[in-house]
Amino acid sequence: MISSAIIPQPLARLPWRLIFLISGIALFGLINLYSAAGGSIEPWAMRQGMAFVLFMTVAIALSNVREERIKQVTIPIYGAIVVMLVLTDLLGFVGKGAQRWLDLGIIRLQPSEFMKPAIALMLARFYDLLPAGDMRSLRAIWPAAALIAVPAGLVILQPDLGTGLMVVFAGVTVMFLAGVQLRWFLVPGALVAAAIPIIYEFLLHDYQRKRIDIFLDPESDLRGAGYHITQSKIAIGSGGLFGKGYLQGSQSHLQYLPEGHTDFAFATLAEEWGMLGGTIVILAYLFVLRWCMGVAANASTRFARLACAGLTAVLFSYFAINLLMVMGLAPVVGIPLPLISYGGSAVMTVMICLGLLMSFERQQRTRSRLG
């Protein structure tokens, strides 16, 4: 926090260390997108920069929203997003083989992105309203499970398995931290594990089964489905310790690396900046997550504590899934790396999560100052 003697008090109350850190990651992302486009701000770097400025403004605006107001709007917003997901599955715009967007004429909305922070807030609100005496009963389990299953199921039907898993992860994180007994996670987990062969054979789409096959045996189809991850590994490995140099990435510039500006942006970065550059980016993300966990740990109300934990889980899942994916340690599920990969939807979701966390952190400081 910067002294109000230097800048106006509302701005001085902002967590400037976090803002500078996030801006640094975003700037590194823009530099990477400039390189991925062959040394041009078009078509990705300029649009990404504009999206970041817009949604950073949104995050700062959200940081001024009071906790009571967030509580009031959580249930209506969750309900509205579920309705949008239903409409998306019925009437949505189809692109790249998936039906994930609502075409409103002037803009195409992807409701599943809004559900990532919404599920964290909704589960936090549910357990905030639940009497403490009911935590060991089924009343603490089945409504929360339904609140997670309905949107996750609608998202997976689009199909968008990666986002569906993120929704489940955020919701389950809130359930666990709310105090739900461990056995309620182990039993369903064991049932899901036992059902994996059935899910694989009858519920997954062909391309989803192919991704799992390639994850287990990347060399089975090097020129086909395994091409993406193979080229990603080559790009990361060829960067060595210090990288090939800025604008010198042969894998990305010679078009060997598919989606080098989106899902595999980290591979583009690691090729040019090496392990050193990749490590700096990873450490920057870890500092952001550390700040987020600190906000959750210091929250003074049950709702704030659970909401912050759920929002942190959303940010962590972005970061962890993408890095595991580009290194071949997880199947390819189309999750971008926040602020590094090109994509306004991901920037929006990340900045909404950070804006809400900034709001809770500001109110913590206000309470400690008054108390």
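So, α13 first: this helix gives three residues to the lining of the largest cavity, the largest share of any element. Keep in mind that we're looking at a predicted model.

Who else is in that lining? The elements that put in two or more residues are α2, at 16–36, α13, at 265–298, α14, at 302–326, and α15, at 344–370. If you want to click through the residues, they're Ile22, Ile25, Tyr285, Val288, Leu289, Leu315, Phe319, Pro338, Leu339, Val350 and Leu354. And what's the chemistry like in there? By class, you get eleven nonpolar residues, with no polar and no charged ones.

How big is the space? The volume comes out at about 90 Å³. As for how many cavities there are, the structure has one of 30 Å³ or more.

OK, over to the pockets. The second largest pocket holds about 340 Å³ of space. It's lined by 15 residues, and those closest to the centre are Leu62, Ile77, Leu121, Ile352 and Leu356. Which elements contribute two or more residues here? That would be α4, running 67–91, α5, running 111–129, and α15. You've met α15 already, since that helix also gives two or more residues to the lining of the largest cavity. The top contributor to this pocket is α4, with seven residues. The lining splits into 13 nonpolar residues, one polar and one charged.

Now, α4 and α5 both showed up in that pocket lining, so let's see how those two helices pack. For anyone who doesn't do this every day, two packed helices are described by the angle between their axes and the distance between the axes. Here α4 and α5 pack at about 140°, and their axes are 9 Å apart. Parallel, perpendicular or oblique? Angles over 145 degrees would count as roughly antiparallel, so with about 140° α4 is oblique to α5. The crossing of the two is left-handed.

What actually touches? From α4, you have Ile70, Lys71, Thr74, Ile75, Tyr78, Ile81, Val82, Met84, Leu85 and Thr88. Across from them, α5 brings in Pro111, Ser112, Phe114, Met115, Ala118, Ile119, Leu121, Met122, Arg125 and Asp128. By class, this contact has 14 nonpolar, three polar and three charged residues. One residue to pick out is Leu121: it's part of the contact with α4, and it's also among the residues closest to the centre of the second largest pocket.

Technical notes. Residues numbered from 1 in each chain as written. Predicted model: local features only at pLDDT ≥ 70, side-chain atom pairs only at ≥ 80, totals over all residues. Heavy atoms only, no water. 1 Å grid on protein atoms, 1.4 Å probe; cavity = no way out; pocket = protein on both sides within 12 Å on 5 of 7 lines; lining within 4 Å. Points joined across faces, edges and corners; volume = space filled by probe spheres on them. Helix = DSSP H or I, 4+ residues; strand = E, 2+ residues; numbered from the N terminus. Nonpolar A, V, L, I, M, F, W, Y, C, P; charged D, E, K, R; others polar. Axes fitted to C-alpha atoms, helices over the stretch in contact; angles between N-to-C directions. Parallel < 35°, antiparallel > 145°, perpendicular 65-115°, else oblique. Left-handed = near helix turned anticlockwise from the far one by under 90°. Contact = heavy atoms within 4.5 Å.
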